[in-house]
Amino acid sequence: MPQTHAAERTHRLVSSPAGRIHLVEEGTGPLVLLVHGFPESWYSWRHQLPVLAAAGYRVAAIDVRGYGRSSRPEAVSAYRMLDLVEDNVAVVRALGEETAVLVGHDWGATIAAVSGLVRPDVFRAVGLLSVPYAPPGGPRPSEVFARMGGDQEFYVSYFQEPGRAEREIEPDVRGWLAGFYAALSADTKPAPGAPDPHFLSPGGTLRERFPAGRLPGWLGERELDVYAGEFERTGMSGALNRYRNMDRDWEDLAAFEGAPVTQPSLFIGGALDASTTWMADAIKAFPVTLPSLTSSHILDACGHWIQQERPEETNRLLITWLASLPA
């Protein structure tokens, strides 16, 4: 894989409704904006930046508000989806562009999809990694999550109470992140029949269900240090506040209930990722919900961290899809 040189990669802070958004930029050409998920940063796109730049694109990977060097507003409500959409628009404008292709992973995939839905004038194509598009609408999210798991608690419900998950994570950020990344990776995920790391026992923690003592193949000690160092500096609340706005998003996006994303789109899922298996019906609905889907792939033996677990394959699929887009 082509390697970047330090001089080719630029860190920038740009103004946005959040205050500032930190981004890492590389290359020249049509703009491709990369949006990470939880609990990551721009760094999750480290394998894509040089390769997409070498393919002729101007690539910018952001720290979503609440993460890294981007602003971290205090109010929980400042992390609603529509605010994140406007951050993405502000980045495009700050880079002097009118439009961009938007590619997201995990929460970033949902942010990308909603950005395309709400601002089709700015985002001309949408790529989704790990989390398939499901249109707004349906029952209130908090009520759905509360019904999952029987006597166990779903991790999204756990994350929604301010301060609760922070008390578990922040005493040992590095150890918690290592376990979380391992729990959702193809080569280190719990064995079939083991307690599901997406749920908590009454009075328990998520971490007690994480694999211990082994990092996934895609994550070395240096990479873990980068992620842990950012969250040790910022704390976890900015990242977790995304989960605490799902009911607000449901209300904010009511006018878009059932709406498709009509721009050219891409989906890449991992065969061993719960996001792919739990949301199989959303994938089946793509002919209706993503009517301009031009590239859809499920990667065998791949977990949740697609662009890091399988960087070469992800890069190849992204470049092929980008090349197919109208100018």
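These are my notebook entries on a few helices and loop residues in a predicted model.

**Entry 1: H8**

I began with helix H8, residues 221–234. I compared its length with the ideal value: its 14 residues should span 20 Å at 1.5 Å a residue, and the end C-alpha atoms are 20 Å apart, which agrees. I then listed the buried residues of H8, which are Glu223, Leu224, Tyr227, Ala228, Glu230, Phe231 and Thr234. Around the axis they cover an arc of only 155°, which puts them on the same side of H8. I noted Arg222 and Glu232 as exposed on the other side of the helix.

Next I asked which helices the buried residues of H8 pack against. I found helix H7 (173–183), helix H9 (237–240) and H14. Just after H8, I recorded a positive phi of about 80° at Gly235.

**Entry 2: Glu232**

I looked at Glu232 separately. Its relative accessibility is 52%, so it counts as exposed, the cut-off being over 50%. Leaving aside neighbours within four places in sequence, I found Glu232 in contact with Val173 and Arg174. I also took the distance to Gly303, 71 residues away along the chain: the two C-alpha atoms are separated by 26 Å.

**Entry 3: H15**

Helix H15 covers residues 311–324, 14 residues in total. From first C-alpha to last I noted 20 Å, close to the 20 Å expected at 1.5 Å a residue. Which residues of H15 are buried? I listed Pro311, Thr314, Asn315, Leu317, Leu318, Trp321 and Leu322. Viewed down the helix axis, the buried residues of H15 fall within an arc of 165°, so they line one face. On the face turned away from that buried side I found the exposed residues Glu312, Thr320 and Ala323.

**Entry 4: H2 against H3**

I turned to a helix pair. Two packed helices are described by the angle between their axes and the distance between the axes. For H2 (residues 81–94) and H3 (residues 107–118), the axes come within 9 Å and cross at roughly 80°. That makes H2 roughly perpendicular to H3.

I listed the residues that meet. From H2 they are Met81, Leu82, Leu84, Val85 and Asn88. From H3 they are Trp107, Thr110, Ile111, Val114, Ser115 and Val118. Sorted by type, the residues of this contact comprise 8 nonpolar, 3 polar and no charged.

**Entry 5: backbone in the loops**

Last, I checked backbone angles. Most residues other than glycine have a negative phi, and most peptide bonds are trans.

I found a cis peptide bond from Phe38 to Pro39, with omega near -10°. Pro39 sits in the loop between strand S3 (31–35) and helix H1 (48–54).

Ser130 is not a glycine, yet I read a positive phi of about 80° for it. Its loop runs between strand S6 (123–129) and helix H4 (141–146). Is Ser130 buried or exposed? Its relative accessibility is 0%, so I entered Ser130 as buried.

Ala301 also has a positive phi, near 55°, in a residue other than glycine. I placed Ala301 in the loop between strand S10 (293–299) and helix H14 (306–309). Its relative accessible area is 56%, so I entered Ala301 as exposed. I closed the entry with the pair side by side: Ser130 is buried, whereas Ala301 is exposed.

Definitions and conventions:
Residues are numbered from 1 along each chain as its sequence is written. This is a predicted model: local features need pLDDT of at least 70, side-chain atom pairs count only at pLDDT 80 or more; totals for chains, interfaces and linings use all residues. Side-chain values use heavy atoms; hydrogens and water are left out. Axes are lines fitted to C-alpha atoms, for helices over the stretch in contact, and angles run from 0 to 180 degrees between N-to-C directions. Helices (H or I, at least four residues) and strands (E, at least two) are DSSP runs, numbered from the N terminus. Angles under 35 degrees count as roughly parallel, over 145 as roughly antiparallel, 65 to 115 as roughly perpendicular and the rest as oblique. Contact means heavy atoms within 4.5 Å. Ala, Val, Leu, Ile, Met, Phe, Trp, Tyr, Cys and Pro count as nonpolar, Asp, Glu, Lys and Arg as charged, and the others, Gly among them, as polar. The expected span of a helix is 1.5 Å times one less than its number of residues. Buried means under 20% relative accessible area, exposed over 50%, partly exposed in between (1.4 Å probe, protein chains only). The arc is that of the directions from the helix axis to the C-beta atoms.
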